[in-house]
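Colleague: I should like a close look at the salt bridges in this structure. Which residues form them, and where do the partners lie?

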Amino acid sequence: IVSINAGGPAESNSGGGDNSFVADEDYNATTTTYAVTNTISTTAAGANAAPMAVYQSARQGTVTYTIPGLTAGTSYPVRLHFAELYFSAAGDRVFNVAINGTTVLTNFDIVKTAGANYTAVVENFTATANSSGDIVITFTNGTKDQPMINGVEIL
């Protein structure tokens with residue numbers, strides 16, 4: 001349905017990944033974006049990895065993505081794409097993620113989960129569109145620093 005490059009421009013899947021990603025949209029926040037040119041390993045992300053360029057940009061800070069235009073009451077696969085672009089040690093960035101008000105990741109640590117910085121990881125969920133036909137994904141502060149997201153997909 002939609003694949004969003006959080007904090008970045010539209011990216012074709014010609015270099016890998018299942019889908020092309022649109023430029024960052026559907027967010028509500030006064031957050032910052034961050035980008036690197038480092039090579040990002042997508043091996044750990046497996047078959048659901050986004051194109052590497054998606055992991056080279058990110059939106060940082062407390063942010064809510066509201067994905068509109070879905071069928072109310074219908075379940076959709078949700079993929080959240082992460083790669084730590086700044087910190088190199090586990091425990092330096094720890095945050096929470098909720099989908100439609102239900103916490104799905106508590107004190108999530110990208111480096112700890114991926115095994116290293118500059119390494120992509122994908123977290124998969126299923127979410128039901130609310131009565132307005134939206135899926136709402138919220139990233140909030142956990143125990144250290146601020147949230148960071150590289151890509152959001154609703155399939």
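Modeller: The salt bridges are described below, pair by pair. This is a predicted model, in which local features need pLDDT of at least 70 and side-chain atom pairs count only at pLDDT 80 or more, while totals for chains, interfaces and linings use all residues. Residues are numbered from 1 along each chain as its sequence is written, and side-chain values use heavy atoms, with hydrogens and water left out.

A salt bridge is defined here as a side-chain nitrogen of Lys or Arg within 4 Å of a carboxyl oxygen of Asp or Glu. By this rule there are four salt bridges.

In one of them, Arg59 pairs with Asp24, with 2.7 Å between the closest N and O atoms. Arg59 belongs to strand β5 (residues 57-60) and Asp24 to the loop between β2 (22-23) and β3 (27-28), so the pair ties together parts 35 residues apart in sequence. Strands are DSSP runs (E, at least two residues), numbered from the N terminus. Buried means under 20% relative accessible area, exposed over 50%, and partly exposed in between (1.4 Å probe, protein chains only). Arg59 is buried at 5% relative accessibility, and Asp24 is buried at 16%.

Glu153 and Arg79 form another salt bridge, their closest N and O atoms being 3.5 Å apart. This pair links distant parts of the chain, with Glu153 in strand β13 (residues 151-154) and Arg79 in strand β7 (residues 75-82), 74 residues apart. Both Glu153 and Arg79 are buried.

Arg93 meets Asp145 in a salt bridge of 3.2 Å, N to O. Arg93 is buried at 2% relative accessibility, whereas Asp145 is partly exposed at 38%. Salt bridges with shared partners join Glu84, Arg93 and Asp145 into one network.

Conventions: Helices (H or I, at least four residues) and strands (E, at least two) are DSSP runs, numbered from the N terminus.
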